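Biologist: Let us go through this model by question and answer. Keep the replies short, and show the reasoning.

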Amino acid sequence: MDAIVPQPLSMTQDELKAEVGRAALAYVTPGSVLGVGTGSTVDKFIDALAASGMPLAGAVSSSERSTQRLRAHGLRVVEAAEVESLSVYIDGADEIDGRGCMIKGGGGALTREKIVADLAERFVCIADASKQVPVLGAYPLPVEVIEMAASPVARRFAQLGGDARLRAGVVTDNGHPILDVHGLRITDPPALETEVNQWPGVVTVGIFARHRAQVCLLGTLQGVQTLVFSCRWRRHSPPHRPQQGAPLAKPNYSFEKRQREQAKKKKKEEKEREKALRKAGGLPPAPDDESEGADDGTPAPAPAGRPPA
């Protein structure tokens, strides 16, 4: 059963954010390095973390904004390159559905958020009740793009029924513009995330389905509600290591093999066309085989009346 923390009947959205920020402290292990997201709700979490006095080895931040707030509280910021994994990543969401899939990126930090989330074994989402939706898409979908790809990516979204608009005056911490896509109804978040990620010029799409939340602390007028989502995959599958002495698997050369076969087939077709043209008189006769030189690399005999080279 979902856990409810009783609260006053009337609370502002800002107060709800502060409550879920404090509730998230229960998921932080003292002395650990944790991942910290970006946004107004995360700001409340950082404030609560500092006020708690909990000892930490450090925090991996997903934005310059969060980095500045962490350091202002005297909390150590660790670069992502310095850690191999994190036990927990705590971040907000612009929307979250009943499976824990989210739209993120309203604050412009979606790429770094996804990088830090990928390091974590658990994603704890903190949000107020207004962010819970049955289907993603009412909130415009942020997409970070390479500048020259903005128009082509916008046209692709138009084919899907979306209206992609450049976020005016905004450049991410990575130096890229953001498209906000209106009018989508995202019924299959993993499929759309996979599709958009393959478009040339897309840096990151703000669908977090592959990196969805396992837990959501939702601020409601009745208190902080804890939502737990099942996870059908392991985020960090250990690499396969063959047993000592076991033969290594042979590489798959099927693609290269097809390329060679196609090139061979094309060469054969060209020879057949050339042969047909010669037969029809469209090309001069081909020289005799022996005039082309032997297979052992010996030069062909010089034509009559011409000294050998």
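Biologist: Which element gives the most to the lining of the largest pocket?

Modeller: First, a caution: this is a predicted model. The elements that give two or more residues to that lining are α2 (40–52) and β7 (123–128). With three residues, the one that gives the most is α2.

Biologist: How much space lies in the largest pocket?

Modeller: The pocket is lined by 21 residues. Nearest its centre lie Thr 38, Gly 39, Ser 40, Ala 93 and Asp 94. The space comes to about 260 Å³.

Biologist: By class, how many residues in the lining of the largest pocket are polar?

Modeller: Six lining residues are nonpolar, and six are charged. The polar class has nine.

Biologist: Now the second largest pocket. Which residues are the closest to its centre?

Modeller: About 220 Å³ of space lies in this pocket. Its lining has 13 residues. The closest to the centre are Ser 61, Glu 64, Thr 67, Glu 79 and Arg 112.

Biologist: Which elements each supply at least two residues of the lining of the second largest pocket?

Modeller: By class, this lining has six nonpolar, three polar and four charged residues. One strand and two helices each supply at least two of the lining residues. They are β3 (58–61), α3 (64–72) and α4 (110–119).

Biologist: On to charge pairs. How many salt bridges does a search of the whole structure find?

Modeller: Side chains of opposite charge can pair when their charged atoms come close. The cut-off here is a Lys or Arg side-chain nitrogen within 4 Å of an Asp or Glu carboxyl oxygen. Over the whole structure, the search finds 14.

Biologist: Take the salt bridge between Arg 22 and Glu 19. In which helix do both lie?

Modeller: The side chains of Arg 22 and Glu 19 meet at 2.3 Å, N to O. The two residues are three apart, about one turn of the helix. Both lie in α1 (residues 13–23).

Biologist: Is Glu 19 buried or exposed?

Modeller: Its partner Arg 22 has 44% relative accessibility, so Arg 22 counts as partly exposed. Glu 19 has a relative accessible area of 16%. Buried means under 20%, so Glu 19 is buried.

Biologist: Which parts does the pair Arg 69 and Asp 43 tie together?

Modeller: Arg 69 and Asp 43 form a salt bridge, with the closest N and O atoms 3.9 Å apart. Arg 69 lies in one helix and Asp 43 in another, so the pair ties together parts that are 26 residues apart in sequence. Those parts are helix α3, holding Arg 69, and helix α2, holding Asp 43.

Biologist: Which residues are linked with Asp 43 in a network of salt bridges?

Modeller: Asp 43 is buried at 9% relative accessibility. Arg 69 is partly exposed at 30%. The network links Asp 43 with Asp 47, Arg 65 and Arg 69.

Biologist: What is the relative accessibility of Asp 97?

Modeller: The side chains of Asp 97 and Arg 99 meet in a salt bridge at 3.7 Å, N to O. Arg 99 counts as partly exposed, at 38%. Asp 97 counts as buried, with a relative accessibility of 4%.

Biologist: Cysteines next. How many disulfides does a search of the whole structure find?

Modeller: The cut-off is a pair of cysteine sulfur atoms within 2.5 Å. For Cys 125, the nearest cysteine sulfur is that of Cys 216, 4.1 Å away, and Cys 125 is in no disulfide. Over the whole structure, the number found is zero.

Biologist: What is the relative accessible area of Cys 125?

Modeller: Cys 101 is buried, with a relative accessible area of 3%. Cys 125 is buried as well. Its value is 0%.

Biologist: Back to α1. What do the buried residues of α1 pack against?

Modeller: The buried residues are Leu 16, Lys 17, Ala 18, Glu 19, Val 20 and Gly 21. They pack against one helix and three strands. These are α2, β7, β13 (215–220) and β14 (223–228).

Biologist: Leaving aside neighbours within four places in sequence, which residues is Asp 128 in contact with?

Modeller: Asp 128 is found in strand β7. The residue is buried, at 3% relative accessible area. Its contacts are Gln 13, Leu 16, Lys 17, Leu 218 and Gly 219.

Biologist: How far apart in space are Asp 128 and Asp 94?

Modeller: In sequence, Asp 128 and Asp 94 are 34 residues apart. In space, C-alpha to C-alpha, the distance is 9.8 Å.

Terms used
Residues numbered from 1 in each chain as written. Predicted model: local features only at pLDDT ≥ 70, side-chain atom pairs only at ≥ 80, totals over all residues. Heavy atoms only, no water. 1 Å grid on protein atoms, 1.4 Å probe; cavity = no way out; pocket = protein on both sides within 12 Å on 5 of 7 lines; lining within 4 Å. Points joined across faces, edges and corners; volume = space filled by probe spheres on them. Helix = DSSP H or I, 4+ residues; strand = E, 2+ residues; numbered from the N terminus. Nonpolar A, V, L, I, M, F, W, Y, C, P; charged D, E, K, R; others polar. Buried < 20%, exposed > 50% of the residue type's maximum accessible area, 1.4 Å probe, protein only. Contact = heavy atoms within 4.5 Å.
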